[in-house]
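Here's a walk through one model, from strands and helices down to rings and sulfurs. Have the viewer open as you read.

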Amino acid sequence: MDAKKILFIAQEITPYLPESEIATICRNLPQGIQERGREIRTFMPKFGNINERRNQLHEVIRLSGMNLIIDDTDHPLIIKVASIQSARMQVYFIDNEDFFQRKSTVSDENGNEYEDNDDRSIFYVRGVLETVKKLRWIPDVIHCHGWMSALTALYIKRMYADDPCLRNAKIVYSIYNDDFKNPLNKDFATKLKADGAKEADLKLIKTDTSFVSLTKLAIDFADGVIQGSETINQEVLDYISAKKDTPFLPYQSPETYMDEFNKFYDVILDSNTK
């Protein structure tokens, strides 16, 4: 069985944000997978430091206008889109005035991480999934990049388990050396429970909302895991090693990762994980 449709949920993509390991991979990978004959959709947050005019972003009215409730507060979901002409590739952006109209991505200009990064992550993941539903586009594999996309597998396996667009999708999580320093909000698990997560799902982040715990949660619900950076957190690496039933692709060099990821999608689709 071929994975024909691949959804990429990225934290960063160049040229919209400065080059980084994630931003570069998330720019080149979707193009490479598309050139290998698969259909793709790509999403990222519309952080406030993305220049809308220079990058020719425009709102997609038919997809916008929904409200997502997080922690008892309504937040309007705005969808924007831009094209990377040389790649014949569109990028969808998840936007919201409360969460993404800041001059930086996950921390302010002084390096202080935003206190509502947990809410921003929830909004981003739910925003992507709701937009994919509106597009009526059914992905075979969802490949997540960066900790802001870490909740995707949990949401699909729990909150969207009955949704015909998403319930059969296999989730691949790439782990990078992109950890945050301060734990997320202590009420993080409570907010996820309010959205439909089960008590047992949240044991890892009930008292510890660190990068390591969030990553372990993503690994628990993912159908496949990729080591995206050459060096990643050792505790996370040990946790992956202990999970014998979850397919794992070790770090791949820039020369080989495209073909190896492409093969891995079919491995995941053919496996009976979770």
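## Around β7

I9 stands opposite C144 in β7. That match belongs to the pairing of β1 and β7, which run parallel over 5 bridges; here two strands pair if DSSP finds at least two bridges between them. Helices (H or I, at least four residues) and strands (E, at least two) are DSSP runs, numbered from the N terminus.

Before going further, a word on the ground rules. This is a predicted model, so local features need pLDDT of at least 70 and side-chain atom pairs count only at pLDDT 80 or more, while totals for chains, interfaces and linings use all residues. Residues are numbered from 1 along each chain as its sequence is written, and side-chain values use heavy atoms, with hydrogens and water left out.

Back to β7, which also pairs with β8, again in the parallel sense and over 5 bridges. On that side, H145 has S174 in β8 as its bridge partner. How much of β7 is buried? Its count is 5 of 5 residues, so the strand is largely enclosed by the rest of the structure. Buried means under 20% relative accessible area, exposed means over 50%, and partly exposed is in between (1.4 Å probe, protein chains only). V141, H143 and H145 point one way from the strand, I142 and C144 point the other way, and all are buried.

## Helix α5 and the core

Helix α5 (residues 152-159) is another well-hidden piece: 6 of its 8 residues are buried, so it is largely enclosed by the rest of the structure. The buried ones are T152, A153, L154, Y155, I156 and K157. What do they pack against? Their partners are β1 (5-10), α4 (117-135), β7 (141-145), β8 (170-175), α6 (188-195) and α7 (211-221).

The largest nonpolar core has 96 residues, and Y16, L151, L192 and Y265 have the most contacts inside it. Helix α4 gives this core its largest share, 8 residues. A nonpolar core, by the way, is a set of buried Ala, Val, Leu, Ile, Met, Phe, Trp, Tyr and Cys residues joined through side-chain atoms within 4.5 Å. Take L151: leaving aside neighbours within four places in sequence, it is in contact (heavy atoms within 4.5 Å) with S121, I122, V125, F188, L192, L214 and L217.

## The β4-β5 hairpin

Strand β4 (residues 66-70) pairs with β5 in the antiparallel sense over 5 bridges. One of the matches puts N67 opposite P76 in β5. The two strands form a hairpin with 2 residues between them, and D71 in the turn has a positive phi of about 55°.

Further along, I78 sits in strand β5 (residues 73-84). Is I78 buried or partly exposed? Its relative accessibility is 23%, so I78 counts as partly exposed. Not counting residues up to four places away in sequence, I78 touches E59, S64, F93, I94 and D95. The C-alpha atoms of I78 and L63 are separated by 7.7 Å, with their positions 15 residues apart along the chain.

## Rings

There are 10 aromatic pairs. Rings of Phe, Tyr and Trp (its six-membered ring) pair if their centres lie within 6.5 Å; planes under 30 degrees apart count as stacked, over 60 as edge-to-face and the rest as tilted. Here are two of them.

| Pair | Centre to centre | Angle between planes | Class |
|---|---|---|---|
| F43 and Y92 | 5.1 Å | 20° | stacked |
| F99 and F123 | 5.3 Å | 55° | tilted |

The F43 and Y92 pair links distant parts of the chain, 49 residues apart: F43 is in strand β2 (residues 39-45) and Y92 in strand β6 (residues 89-95). Both F43 and Y92 are buried. F99 lies in helix α3 (residues 97-100) and F123 in helix α4, so their pair ties together parts that are 24 residues apart in sequence. F99 is buried at 3% relative accessibility, and F123 is buried at 0%. Ring pairs link F47, F99, F100 and F123 into a cluster.

## Cysteines

How many disulfides are there? The count is 0, where a disulfide is a pair of cysteine sulfur atoms within 2.5 Å. The sulfur of C26 is 10.0 Å from the closest cysteine sulfur, in C144, too far for a bond. For C165 the closest cysteine sulfur is also in C144, 16 Å away, again too far. C26 is buried at 3% relative accessibility, and C165 is buried at 13%.
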